[in-house]
Amino acid sequence: MHENVLATARFLINNSHKATIVCPAGSFADSLAGYGVGVIRTDYTDIGAAINEALKLNADAPVDLVHAHPFASRKFGLVLAEQLDVPLVLTFHGKYTDDLPRYIGKVSAVLTVSSGVRDYLLSEKAKSPEKFHVVPNVPDTDFFQPLPEKTQSSEEKLKVALVSRLDKDKEFILDVFADAVEYATKNYSGKLTWAVVGDGTQTEAFRSRLEAVRGGNAIEFRGWLEGEALRSAYQSSDFVFAPGRCALEAMSCGVPAIAVGSKSYCGLVNTNTWQQGVYSNFGGVGNQHKDYKPEMVHRDIESLLASKSYRAGLGAFGIKIIQQFFDSQKVHEQLLGIYRLAIFSHSLDKGGSVSETSDVESSLVKLNNKNTDMKPENNMEQLEKKLLEAGKDNAGKFTRDLLIVQNRLYAQLESLSWLQRRLKIKGQLPPLRGWATSPDVLLRLHAHIMATRPRVIVEFGSGASTLVIADALRQNGVGKLVSIEHSDHYGAQTLGTLHAESLEGWVDLRIGDLEAWEGEHLNPEDAEKPSRWYPVSLLEGVGSVDLLWVDGPPGATCLFSRYPALPALADKLSPNAEVWMDDTIRQEEKDICEHWAKGHGFELEYFPLEKGLGRLTRPGAQPVRREQYLDTTSQTDHHPERAIGLDFSLPENCNKE
């Protein structure tokens, strides 16, 4: 996917458009910047910060369109497109829906990399079939090309490569390749050299598995390759096992491909299977083991090993397929055309007001139209008028955005002021921006604990909340906080702060690395990142929990990373226990809360605070009234929010996804 994103960005830049990519920091982000592509680096754990960066970008150079991929990128894209009032385009690569039916009304176009992916989404009640367009992945044919003259190795062993990530979601691909290795051991021992090009969480287990079945054939693990090293791996192979885009790159190099994706076995791309390959994104749609039998890959290996001329013919046939269906110039022009239509369609729906960029483009088209009956000076006047109107529109949008940010900041400063007055600590709170819980949520949390006097509190994710909860417990003179943390670094910071305030006696801080979670989860089985959570052993001895505060683990851990909190503690909660979820401005946290409420019999309410707060309570439990937040024993020392009738909630429409 990275290579396609980079190729698209370069195409846009080469055609006088600006492109900014939102992605995690790392080598991919660095390579984008090296090509002159704008980059906003984020791991999507703090979408608000990334949105603010995008708003700053928009103030300097107005954004016309947002193009996102599923999951974290989609959540970011929905929020940004709505705030900027621009069209949103989504791309789907495989057999997953990412809840598309719920928000497809907010999307201008859905791009799928194959007809098979499109048909799957429509079969899953995605609705609005008119919005679906097939825009395939394409290899860089200027780079991935055949060798002018291919030489056979001196040992006369055939070289066969597997090019794929080696992660749990690619397990089916690894199973098929292992079948091929084992079959070749029994029938072609000593005649092949296998090369594994890729890396991932399953690397060591896969290495051990292949070593056990390779027999007299050699196996090389070459790690993750890019650029010329990857091209060389394709070119030096006699045939390649690969999914999706990697299969296309091998075919572009004139090398036969056995296409096997995470969802199905497409098989050797030949005269009988090429149309199925194009339809399914070369294994991206299907039923995995249900439709696959080891005899299939055995038969394909037999065909490939039978004749060098047959392999050469298949290599040439693959190049023809690429030229017909995966021409990068044609595909990128198609993509740019969809962008333009989405932008103009969106502007017309808004009453004809168009963005500055689209106005300029539209006016230039009119200027170049030889059939126009307008004089040149009139054209220039119209262009200047449109530019002036667009400038006013953008200035108005920027002013509205600035007012929203100003009001949010003021609300947080007020909440922070009241919170500081309630606390009895001697030092200062940790910084409450970025990933930290916002002041308005901490104020509500502190007031709730002092009003309800819980005996046992469990929190997932330590930090400022740990200090605030411990302070409330000490003022109550009763209770214990069990704080679960996965980071030694942040755990040490929290412990140091507790010691400095003499609060360590109120907190049982438990630290353990995240590990595989095998229980109930919303994370799809084929997700990019496998499910991980805190070690269950950290919950030993915990019981009768009155308040569960969920603010971890980080969202980058996996999809729905916070989901296991309630399943892990469901039988350890007291009869009137409450569950509080931070960051419900994000749809992922809302989805978790709604599944919790439905599956565990809770009632759910949301508070529209800066980052959102979800509160789950037992049906029939006595609600805590605002007046109960008052500490009647010391009115002079405490300043609850109701003292001057303030409500620090934000308007509902500020936090809509």
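In this predicted model, helix α10 is followed by Gly254, a residue whose phi is positive, near 75°. The helix itself, which spans residues 244-252, is mostly covered, since nine of its nine residues are buried. The buried residues of α10 include the charged side chains Arg245 and Glu249, together with Gly244, Cys246, Ala247, Leu248, Ala250, Met251 and Ser252.

Contacts between aromatic rings were then examined, and the count comes to 21 aromatic pairs. One of these is formed by Phe71 and Tyr96, whose rings are tilted with respect to each other, at 5.3 Å centre to centre and with 45° between the planes. This pair links distant parts of the chain, for Phe71 belongs to the loop between β3 (66-68) and α4 (72-84), whereas Tyr96 belongs to the loop between β4 (88-92) and α5 (100-103), 25 residues apart. A tilted arrangement is also found for Tyr265 and Tyr292, with 5.2 Å centre to centre and 55° between the planes. Here too distant parts of the chain are linked, with Tyr265 placed in strand β12 (residues 265-268) and Tyr292 in the loop between α11 (274-280) and α12 (294-306), 27 residues apart. Both Tyr265 and Tyr292 are buried.

Beyond these individual pairs, a cluster is built up through ring pairs that link Phe177, Trp194, Phe206, Phe221, Phe239 and Phe241.

Aromatic rings also meet arginine side chains in this model. Arg231 is positioned over the face of Phe143, at 4.2 Å from the ring centre, while Arg444 lies over the face of Phe607, at 4.3 Å from the ring centre.

Key:
Residues are numbered from 1 along each chain as its sequence is written. This is a predicted model: local features need pLDDT of at least 70, side-chain atom pairs count only at pLDDT 80 or more; totals for chains, interfaces and linings use all residues. Side-chain values use heavy atoms; hydrogens and water are left out. Rings of Phe, Tyr and Trp (its six-membered ring) pair if their centres lie within 6.5 Å; planes under 30 degrees apart count as stacked, over 60 as edge-to-face and the rest as tilted. Helices (H or I, at least four residues) and strands (E, at least two) are DSSP runs, numbered from the N terminus. Buried means under 20% relative accessible area, exposed over 50%, partly exposed in between (1.4 Å probe, protein chains only). A charge sits over a ring if NZ of Lys or CZ of Arg is within 6 Å of the ring centre and within 35 degrees of the ring normal.
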